[in-house]
Amino acid sequence: MTRKNYQPASFFIGMTITFLLCCSQTIYSQTKWFPTGSAPDKYKMGIDSTLQYVGQNVATIQSINADINGFGTLMQSLSAGKYLGKRVRMTGSMKSKDVADWAGFWCRVDQAGSQQFLAFDNMQDRAIKGTTDWTKYEIVLDVPAEASNVAFGALLSGTGQIWFHNPTFEIVDNSVPTTGRTE
């Protein structure tokens, strides 16, 4: 009985998987979204398995009340770690239906132990309104060295429905202008 050595093949496969995971810029996890906002109970939020974009399920926020004074958001948070001292661009695609007030992606850079954010953009100055097809949107923020985490998501203010897909982060150089504000 001859014994075959599978170590080189296993090592190569393991390294390939590690490389692909490390180089992936997709940050979100479809299972780690959590709902919040000023009126989260007035929205249905989660993964919409009835609609796909580029072959994947998408997340949705849909109003369930006829009149809403507030907003709902699905969000996640990640460690600022590899982005410290860098400028980052968050990119995602969104589709809307009958958005009466406004919707958009948002991103916030936080500092540990502080109630003030270091950088923030919720797209309110370039809001998504009405009914739109899939469109790519970007937010660009600086992540200062004192940042602790980056919170991000999508929001719907008022009534309507949005679907969103694939928020990704990438480091960009300082020639790319920021879109948000600092406080």
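**Exercise 1. In this predicted model, locate Ser-96 and describe its surroundings.**

Solution. Step 1: Ser-96 belongs to strand 5, which covers residues 86–111.

Step 2: decide whether the residue is buried or exposed. The cut-off for buried is under 20% relative accessible area. Ser-96 has a relative accessibility of 1%, so it is buried.

Step 3: look for polar partners of the side chain. The side chain of Thr-132 makes a polar contact of 2.7 Å with that of Ser-96. A polar atom of the Ser-96 side chain also lies 3.0 Å from the backbone oxygen of Gly-130.

Step 4: list the contacts, setting aside neighbours within four places in sequence. Ser-96 then touches Ile-128, Lys-129, Gly-130, Thr-131 and Thr-132, together with Gln-161, Ile-162 and Trp-163. Strand 7 spans 128–143 and strand 9 spans residues 161–172.

**Exercise 2. Which strands pair with strand 9, and in which sense?**

Solution. Step 1: strand 5 and strand 9 run antiparallel and are joined by 10 bridges. Within strand 9, Val-172 is the bridge partner of Arg-87.

Step 2: strand 3 (residues 56–63) is also antiparallel to strand 9, with four bridges between them. Here Ala-59 is opposite Phe-164 of strand 9.

Step 3: consider the covering of the strand. Strand 9 is largely enclosed by the rest of the structure, because nine of its 12 residues are buried.

**Exercise 3. Describe the pairing and burial of strand 8.**

Solution. Step 1: strand 8 consists of residues 147–157, and 10 of its 11 residues are buried.

Step 2: strand 4 (residues 71–79) pairs with strand 8 through nine bridges in the antiparallel sense. In this pairing Gly-72 stands opposite Leu-156.

Step 3: strand 5 and strand 8 are antiparallel as well, joined by 10 bridges. Leu-155 of strand 8 is the bridge partner of Gly-104.

**Exercise 4. Is Phe-164 buried or exposed, and which residues does it touch?**

Solution. Step 1: Phe-164 is found in strand 9.

Step 2: the relative accessible area of Phe-164 is 2%, so this residue is buried.

Step 3: leave out residues up to four places away in sequence. The contacts of Phe-164 are then Trp-33, Val-58, Ala-59, Thr-60, Ile-61, Leu-74, Ser-93, Met-94, Phe-105, Trp-134 and Ala-154. Ala-59 in this list is also the residue opposite Phe-164 in the strand pairing.

Step 4: check a separation along the chain. Asp-48 is 116 residues away from Phe-164 in sequence, and their C-alpha atoms are separated by 9.8 Å.

**Exercise 5. Which residues of the largest nonpolar core touch the most other members, and which strands supply this core?**

Solution. Step 1: the largest nonpolar core has 35 residues, of which Phe-105, Phe-164 and Phe-169 touch the most other members.

Step 2: at least two residues of this core come from each of strand 2 (43–53), strand 3, strand 4, strand 5, strand 6 (117–121), strand 7, strand 8 and strand 9. Strand 5 gives the most, with eight residues.

Step 3: take Phe-105 as an example. With neighbours within four places in sequence left aside, its contacts include Met-90, Met-94, Met-123, Tyr-137, Ile-139, Ala-154 and Phe-164.

Step 4: identify what lies outside this core. Another core, of seven residues, lies apart from it; Trp-102, Phe-117, Phe-120 and Ala-151 are among its members.

Technical notes: Residues numbered from 1 in each chain as written. Predicted model: local features only at pLDDT ≥ 70, side-chain atom pairs only at ≥ 80, totals over all residues. Heavy atoms only, no water. Buried < 20%, exposed > 50% of the residue type's maximum accessible area, 1.4 Å probe, protein only. Contact = heavy atoms within 4.5 Å. Polar contact = N/O pair within 3.5 Å; in protein donor to acceptor, adjacent residues only side chain to side chain. Pairing = 2+ DSSP bridges. Core = buried A, V, L, I, M, F, W, Y, C linked by side-chain atoms within 4.5 Å.
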